[in-house]
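Q: Please take a close look at one helix in this structure and at how it sits among its surroundings. Then move on to the charged pairs and to one side chain worth a closer view.

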Amino acid sequence: MSSQRLFAALEDGATSPGRRVAIKQPARFRGEWEVRRLGELGAFRKGKGIRRTELRDTGFPCVRYGELYTRYENYVTHPVSRIPMDVAATALQIERDELLFAGSGETAEEIGICVAYIGEEPAYAGGDIIVLRVSREDPVYLAHLLNAPVAARQKARMAQGDAVVHIRSDHLAEVEFSLPPLSEQRAIAAVLMDVDALIGSLEALIAKKRAIKRAAMQQLLTGRTRLPGFEGEWGTRRLGEVAAMASGGTPLTSVGAYYNGDIPWVSINDMTSSGDKVVITTERTLSRLGLDNSSARLFPAGTVLYAMYASIGECSIAGRPLCASQAILGIQPGSSLRSAFLYYSLTWMKRRVKTLGQQGTQANLNKEMVQGLFLSLPPLPEQGAIAAVFTDMDAEIAALDRRLDKTRAIKQGMMQQLLTGAIRLPIPDAVAEDELSR
């Protein structure tokens, strides 16, 4: 039953009081899957050449083996790289529905990662790519299957090398799997591509929302654009004039009594991995003994935590009293500065601040540098209104991020079920009659 017929049946039942609608369950694919080896599906070829220095902005589309790891996932329609005619003349041409395998890689677990080429125009494959043309199977289905754990474990066992791992075409030929009929392959591939389209649309929407936020920060945090109801001049102050600041500290890790208490202790990793501007939880905690017998200090709620080493410019707001490592500067706003406004101002400055870091084994800031940062400051009510705008934007982006993560997890679960035959899909109307007649 198509979705249109299903909705029509539901609507008819809803408008007929007392009538019970019996919805016919769609037929599902049936029958046993066939055990096959990859080498039975076609002949292997090897890509040629295409160095990074030979890439151009225009020309013929090509795929380089490193892009199988970094650019594409399971299939590619429009290759991002281009080569001129003279390079294409010596490279291996590939056609639609061919499978591309990475012949080299850094780990055995990822070796032989597979991407189906489903572009309309001919393209070219670079060196260290193994190409397999399949004519009687669905290439998108096969790519998902050959990247799944059952195939990845087999490829890992066949991998050779240490610093650089390799796999040969004769090894790939021995990869074994269960394969459904072509019609079921196509149905599964279509479902997975539909989910990919949803993931892609969410990624694009998140990128758009973040770009809108960046543009809004440039306007609102400089006073170029004012929110309704606010007027008057802004002031410019050095951060050290409107906030107090001090570094955190780390008690001796060799003294067990200093840890596992009830005082949160924040590291830079907690700030960069939390996904939230307000730090309220952390895995590591200090005891009162650790606080009293070390350089650690307790920062009150509302303190802006600022990364001074490594991930310089990252910042968060303490959602409760806590301690932080010496790599973090605790900034406590004075009476003319709101914590949330300072947080967004420092976030907007991040790119510029990264260029100020002292160079050594790793980039770092010092307290004097941060004290010297200039802030454009409106009155407190306008600071609060501006911060509220960005808080709402952050909440919207966070909700989209959660939806994206959930959609990706759903796809992983679908793959685990559909690629093993644990769940069989309903037969599409277009092929139902043919399937049921078998």
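A: What follows starts with helix α4, then turns to the salt bridges and ends with a glutamine. The model is predicted.

Start with helix α4, which spans residues 139-147. Is the helix mostly enclosed or open? Eight of its nine residues are buried, so the rest of the structure largely encloses α4. The buried residues are Pro139, Val140, Tyr141, Leu142, Ala143, His144, Leu145 and Leu146. Burial here means under 20% relative accessible area.

Now the start of α4. There, aspartate 138 places a side-chain oxygen within 3.1 Å of the backbone nitrogen of valine 140. Valine 140 is itself one of the buried residues of the helix.

Next comes the partner, helix α5, residues 149-158. Two packed helices are described by the angle between their axes and the distance between the axes. For α4 and α5, the axes come within 4 Å. They cross at roughly 60°. The two helices are therefore oblique to each other.

Which residues make this contact? From α4 come Leu145, Leu146 and Asn147. From α5 come Pro149, Ala151, Ala152 and Lys155. By class, the contact holds five nonpolar residues, one polar and one charged. Leu145 and Leu146 thus appear twice in this account: both are buried, and both meet α5.

Now the charged pairs. The whole structure has 20 salt bridges. Three of them deserve a closer view.

Take arginine 36 and glutamate 40. They form a salt bridge, with the closest N and O atoms 3.0 Å apart. Arginine 36 counts as buried because its relative accessibility is 16%. Glutamate 40 is partly exposed, at 41% relative accessible area. Both belong to a network of salt bridges that links Glu34, Arg36, Arg37, Glu40, Glu137 and Glu174.

The second pair is arginine 96 with glutamate 120. Their side chains meet in a salt bridge at 3.3 Å, N to O. The pair links distant parts of the chain, 24 residues apart. Arginine 96 sits in the loop between β6 (92-94) and β7 (98-102). Glutamate 120 sits in the loop between β9 (114-117) and β10 (123-125). Arginine 96 is partly exposed, with a relative accessible area of 35%. Glutamate 120 counts as exposed, at 70% relative accessibility.

The third pair is glutamate 382 with arginine 226. Their closest N and O atoms are 2.8 Å apart, in a salt bridge. Glutamate 382 lies in helix α14 (residues 380-418), and arginine 226 in the loop between α7 (182-220) and β14 (235-238), so the bridge ties together parts 156 residues apart in sequence. Glutamate 382 is buried, at 2% relative accessibility. Arginine 226 is partly exposed, at 26% relative accessible area.

Stay in helix α14 for the last stop. Glutamine 383 is placed in this helix. Is glutamine 383 buried or exposed? It is buried, with a relative accessible area of 0%. Where does its side chain reach? The side chain of glutamine 383 comes to 3.0 Å from the backbone oxygen of serine 336. Ser336 is also among the residues in contact with glutamine 383, once neighbours within four places in sequence are left aside. The others in that set are Leu337, Arg338, Phe341, Leu377 and Pro378.

Conventions
Residues numbered from 1 in each chain as written. Predicted model: local features only at pLDDT ≥ 70, side-chain atom pairs only at ≥ 80, totals over all residues. Heavy atoms only, no water. Buried < 20%, exposed > 50% of the residue type's maximum accessible area, 1.4 Å probe, protein only. Polar contact = N/O pair within 3.5 Å; in protein donor to acceptor, adjacent residues only side chain to side chain. Axes fitted to C-alpha atoms, helices over the stretch in contact; angles between N-to-C directions. Parallel < 35°, antiparallel > 145°, perpendicular 65-115°, else oblique. Contact = heavy atoms within 4.5 Å. Nonpolar A, V, L, I, M, F, W, Y, C, P; charged D, E, K, R; others polar. Salt bridge = Lys/Arg side-chain N within 4 Å of Asp/Glu carboxyl O.
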